[in-house]
Every structure is written in structure tokens, then in C-alpha cells.
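This report covers salt bridges, enclosed space and a surface patch. Please look at the model first.

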Amino acid sequence: MNSTFYPTYFLLVGIPGLEHEHIWISIPFCILYILALLGNIMVMVVIITSPRLHQPMFIFLSMLVFNDGLLSTSFAPKILSIFWFNNRAISFNGCLLQMFFIHSFGSFESGFLLSMAYDRYIAIYKPLRYNSIITTRLIPRLVIVFVVRAVVLVGPCLVLIKRFPAFKTNVIAHSYCEHMAVVKLAAADIRVNSIYGLFVAFIVIGDLLFIFFSYIMIFNAVFRLPSKDARLKAFNTCTPHMCVFLSFYSMAIFSFLSHRYGEKIPPYVHIIFSDSYLLVPPMLNPLIYGIKTTLIREEIWKILKKTQ
């Protein structure tokens, strides 16, 4: 387009280049979303209704699965409406709201994974001080910190977008209102937005460095345990969390780098991977914890037996 304007709404393309395949693509997306919702709701209900799971480790897990449900819901209903009904329009403010929720829930996810890594570090590296460090007062304080961090980090992204005087087009070549996908439409200098987006991404991904450091300390403590059974038991308590944070961060980093530096990657590959990043980890997390965590697995079996 040769002219510029200030849009009242945006049009989401869905998956560029695969518009004619949207119905077929919607099937795995719908299945992933349903599995994510059911799995996270089940784990959350099990933790809430089982007194022996009212421990810091499982309280952190309940917040993680609750956030997973919100993260997938902030994205999936809209993309399914695009696939099924070609409902591509989203208001300008609605787009910014979706952007805020998606990036905020992503920040929460990273924060909860960091908290769970810290919890495992204290439990294994300083077991005698665990109850005095990981207290019921600490958990709500951490939640407040993560909420404030998300608002402080993501909020300015919306303000910076609102300051643009005009846009070149209102067509977003994406399935949802991702920050840089919207910024690239502006008919103005976007360097500030791009630099700030990098800053936010590095702050959130910086959690990964602290998680790696905590696991270096954890493995150091585990390998010093006297018996093989004790080492195996300690390692097994960390395995679910390791699988979860590896799946989340690996997909997040790939999506982040390919969006900025993956010019040679076909757009539909990047978009599908970005969409999967918002659905696959929320779907996998309850499965990983349900299979690998004995207490959760036992409580789920109790509930299933009662329903028979």
C-alpha cells in the first residue's frame, strides 16, 4: 500500500501460504488445545483436592498449570475461529490486549519455572533448611513479583505501539498479535520498539541462566550423595521439571530467533512453530508431571477409581 493510516482493526492472516489448508491444520491445533485444557485442569484439581499435595513444590506446579491454561486460551480460540470461520478481524485495542496477555503469561511461565528450579535446589542442596526458606509467605510474594515484572516489562510495548502515528497496512502475517509482527507494520522508525523487545526477551530468557546455575548446584549435590538409591531418588524429583523447562525454552528461543533472523525460513514454518510454542508446552506439562510424579499419579488413579 502506498498510503498510510491508523487502523481501527487488524486482520490476522493465520498461516501465510497455507490458507487453503486451514481446516486440516485446525485439527491438530484443536486436539492440542483440548488436551492442554483437560490436562492442566485435572492436575490443578488433583493438587487442590489432595491434602498431601499441599506442599510448596505442588503449589508452584498448580500455578504453572493454571498459567498454562490461560496462555493457551489467550491464543487458541482466536486462531481456531480463523481456521474454521475465516474470522480474521481483531480490533486495535483487542490486538494489544491479546499481545499483553500472551507475552505476560509467557513471562509468568518463565518465572514459575525459575521458582520451581529454586525449590528443587533448596530441597536437594539445603534440605535441613527447606522449611525455613520455602515458606507459605514466600510463594505469594514470588507471585506478586512475577505479576509486577510482567506488567512493567510488557506494558511499555503497548505504549510504544500506541505512539505510532500511522501504519502501512492492517494485515498481520501471523496467527496472533505478536509484538514484532505488529511493530513491523508501522509507518515510522521502529528501532526503539525492536531494541526494547530484545531487552524484554533477554530479561525473560535470562531466567534460563539462573535455572541452569541451580541445576549445576543440584547435580553437584546429587552426585555427592552416599548411596546410589538416594542419588536416583533425588534425580527423579528433578526430571519432570527439567523436561518441562527444556521444552518451553527450546521452543521459545527458536521462535524468538527465527522471527528476527530467520529470513530464509519459510513464513509458514515460523508461524506454525510460534503457534506450537503456545500450545505444545501447556499440553506436555501435565502429561510429564502426571507420568513422572508418583504422588500426582497416585492421586489421579484414586479419582479415576472413585468415578468408576
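A search of the whole structure finds six salt bridges (a side-chain nitrogen of Lys or Arg within 4 Å of a carboxyl oxygen of Asp or Glu). This is a predicted model, where local features need pLDDT of at least 70 and side-chain atom pairs count only at pLDDT 80 or more, while totals for chains, interfaces and linings use all residues. Residues are numbered from 1 along each chain as its sequence is written, and side-chain values use heavy atoms, with hydrogens and water left out.

**Salt bridges**

Three of the pairs are tabulated here, including their N to O distances.

| Acid | Base | N to O distance |
|---|---|---|
| Glu-298 | Arg-52 | 2.6 Å |
| Asp-119 | Arg-120 | 2.8 Å |
| Glu-299 | Lys-302 | 3.6 Å |

The Glu-298 to Arg-52 pair links distant parts of the chain. Glu-298 sits in helix H11, and Arg-52 in the loop between H1 and H2, 246 residues apart. Helices here are DSSP runs of H or I with at least four residues, strands are E runs of at least two, and both are numbered from the N terminus. Glu-298 is partly exposed at 35% relative accessibility. The class follows from the cut-offs: buried means under 20% relative accessible area, exposed over 50%, and partly exposed in between, with a 1.4 Å probe and protein chains only. Arg-52 is partly exposed too, with a relative accessible area of 34%.

Glu-299 and Lys-302 both lie in helix H11. They are three residues apart, about one turn of the helix. Glu-299 is buried, because its relative accessible area is 8%. Lys-302 counts as partly exposed, at 44%. Arg-52, Glu-298, Glu-299 and Lys-302 are linked in a network of salt bridges.

How buried or exposed are Arg-120 and Asp-119? Arg-120 is buried, with a relative accessible area of 10%. Asp-119 is buried as well, at 1%.

**The largest pocket**

Rolling a probe the size of a water molecule over the atoms shows where empty space is left. The search uses a 1 Å grid over the protein atoms alone. A cavity is a set of points where a 1.4 Å probe fits but cannot get out. A pocket is an open set with protein on both sides within 12 Å along at least five of seven lines. Lining residues have an atom within 4 Å of a point. Grid points are joined across faces, edges and corners, and a volume is the space filled by probe spheres set on the points.

The largest pocket holds about 420 Å³ of space. Its lining has 16 residues, and Met-57, Lys-233, Ala-234, Asn-236 and Thr-237 lie nearest the centre. Four helices each supply at least two lining residues: H2 (56-73), H4 (92-125), H9 (228-261) and H11 (294-307). H9 gives the most, with five. By class, the lining has nine nonpolar, five polar and two charged residues. Ala, Val, Leu, Ile, Met, Phe, Trp, Tyr, Cys and Pro count as nonpolar, Asp, Glu, Lys and Arg as charged, and the others, Gly among them, as polar.

Thr-294 is in helix H11. Thr-294 is partly exposed, with a relative accessible area of 39%. Thr-294 and Thr-237 are 57 residues apart in sequence and 9.5 Å apart in space, C-alpha to C-alpha.

**Cavities**

How many cavities of 30 Å³ or more are there? The count comes to two. The second largest has a volume of about 50 Å³. Met-57, Met-116, Asp-119, Arg-120, Thr-237, His-241 and Tyr-289 line that second largest cavity. The salt-bridged pair Arg-120 and Asp-119 is thus part of this lining. H4 and H9 each supply at least two residues of the lining. H4 has the largest share, three residues. The lining divides into three nonpolar, two polar and two charged residues.

**The nonpolar patch**

Ile-23, Trp-24, Ile-27, Ile-31, Leu-35, Trp-84 and Phe-85 make a nonpolar surface patch of about 800 Å². Helix H1 (22-49) and helix H3 (76-85) are the elements that give two or more residues to the patch. H1 gives the most, with five. Patches are made of residues with over 30% relative accessible area and no salt bridge; like charges are joined within 9 Å, nonpolar side chains (Val, Leu, Ile, Met, Phe, Trp, Tyr) within 5 Å. Accessible areas come from the Shrake-Rupley method with a 1.4 Å probe, and for residues only the protein chains shown count as cover. Leu-35, in helix H1, is partly exposed, with a relative accessible area of 43%.
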